[in-house]
Amino acid sequence: MKVVFERPKSLQPTKTHYCPGCGHGVIHRLVAEVMDELGIQDKTIGVAPVGCAVLAYNYFDCDMQQAAHGRAPAVATGIKRALPDRVVFTYQGDGDLAAIGTAEIVHAAARGENITVIFVNNAIYGMTGGQMAPTTLVGQKTETSPYGRDPQMAGYPIRVCEMLATLDGPSFLARAELTDVKNINKAKSYIKKAFEMQLLGKGFSLVEILSPCPTNWGMKPKDAVDWVKNEMVKVFPPGVFKEPKEG
Amino acid sequence: MEKVLMKGNEALAEAAIRAGCKCFFGYPITPQSELPAYLAREMPKRGGVFLQAESEVAAINMVYGAAGAGVRVMTSSSSPGISLKQEGISYLCGAELPCVIVNIMRGGPGLGDIQPAQSDYFQATRGGGHGDYRTIVLAPSSVQELVDLVYDAFDLADMYRNPVLILGDGILGQMMEPVVFKERPARQLPPKDWATTGKMGRQKTNVINSLYLDPIKLEEHNLKLFKKYQEIEAKEARYEILNGDDAEYFVVAYGICARIAHAAVEMAREDGIKVGLIRPITLWPYPKKAFEEVLPKAKAFLTVELSLGQMVEDVKLSVEGRAPVYFYGRTGGMVPTAEEIFEEIKKMRGLS
């Protein structure tokens, strides 16, 4: 009998702690499928963040390091410089990457550090219970913006791909939305492209994925997906922000 | 063996390369800047990595990554920069990663100044960051000893899977002295089979981590660390006693301060005072044994530091009230003269 669907080899045979309707499980799977397809599982080292994906080291079947909050790009830099022929990726959320780890991500990108970053943007801090994130939308209610994010008080969301696209270091920057099959496949094609850039030695690559967080948004899973589609994409337009010129 | 005249910071850098340091990550700060400059020049020529990080925080986390990948790695800084690295040092200890961290101390608190100081003693010997942990702390007092201790630092780090701090000061980093880079036989060290190198055919994944959500597991982990620290305390404490044979009084000083104190001891000797010098070489583990050795004949101790009194607490903990412990220190980058210390030795004799 032909196998038409199976667990990627690069994922551990275990349950995850993620909430129902959370995007992390799907994104883990996409990364693992790409690792399988590129045949890089054995030479890949992943770096887990602080946040909901902190336990990613239990889920990916490859060597992993767990980094301090926001420091994953620096940790990945250390690994990649020590072992330049290995594949190194970080997996980070919005608080980790765009708030406490802003310096690390900007400078890893500016150096053109030959690593791949999977950036999960769900516009909220999940693990700590739903506080305002650097990517929280204007007006969005969270535990620490209970009246809605007020730009007078709390400023505006950071667009990471657009910001990093001003730098010369990155080889590939793209944003996808985790909303339907078409867009999930697009996210996977971006992730694959990002790892391919690293394998070609082209330098820093990052894929931002707009991902639902039904638990902390206080929504049903389907409504959360609709909110990504209807609200988040208005602030964070999907697309490719930087890629190598053909030829 | 050829003798060369070198600045402390540069000799340290050269010793690190010879000790097999493959990666260096750092951020510019006075008075240690010659060290990264030397490595920026030499590492690319000798198969190593030099990278100037965007911050002290990034540098120590790059150290974490490279240490976790199984290579010998070092960072260096000075007091305010070492404060910034404390988060990373806590993680390195939690994840049991070997590395060497150099602190060429300057005056504090805050931005302080760029003159020599020893006021980071508490930070270095009590952990410094959050959590139940220890780092091995080595305190050289000459450029030659600085060089020799760099090799030991890398070996101790690998032996115990623990960060090792080299605690120097602005004088030691800046002064020039003749040094010999001795060839040393490689020590038998445990294999780094825990390193995240990619599975490369290995069945099980290697994970570098300091998170133990279950308190039962974290307590187990911390007790395992504690056992390791006890072993280090039992085996690795080092010290030197000078002019100790017939001494009735003892000056206790480390690093550059011990050099000055030794000159004061010599002056006191000429004056007929039977005084010796205890020079701790490891600050953690603290060499309590040195005090046991001299306590039967010691009438009093005088601790001298470039601080307002930090190591003196360890001296008191070692002496346990069995003799008076006096203190003399200068702070903020001021350095006592041998004459000043000599005066304090005379006072000690008068008081006890």
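What share of the 247 residues in chain A is buried?

**View 1. Chain A as a whole in the predicted model.** Buried residues, meaning those with 20 or more other C-beta atoms, placed from the backbone, within 10 Å of their own, make up 56% of the 247 residues in chain A. The C-alpha trace spans about 50 × 50 × 35 Å along its principal axes, and the radius of gyration of chain A, 17 Å, agrees with the value near 18 Å for a compact globule of 247 residues, where the radius is taken over C-alpha atoms and the globule rule is 2.2 Å times the number of residues to the power 0.38. Chain A holds 10 helices and nine strands, which are DSSP runs (helices H or I, at least four residues; strands E, at least two) numbered from the N terminus.

**View 2. The side of chain A that touches chain B.** Here 28 residues of chain A are in contact with 34 residues of chain B, two residues being in contact if their C-beta atoms, placed from the backbone, lie within 7 Å. Strand 1 (44-48), strand 2 (63-66), helix 3 (72-82) and helix 5 (102-110) of chain A each supply at least two residues, and helix 3 gives the most, with eight residues.

**View 3. Strand pairing between chains A and B.** Strand 2 of chain A and strand 9 (residues 207-208) of chain B pair in the parallel sense over two bridges, pairing requiring at least two bridges found by DSSP. Within this arrangement, A:Met64 stands opposite B:Val207.

Residues are numbered from 1 along each chain as its sequence is written, and chains are lettered from A in the order in which they are written. In this predicted model, local features need pLDDT of at least 70 and side-chain atom pairs count only at pLDDT 80 or more, whereas totals for chains, interfaces and linings use all residues.

Notes
Buried ≥ 20, exposed ≤ 12 C-beta atoms within 10 Å, placed from the backbone.
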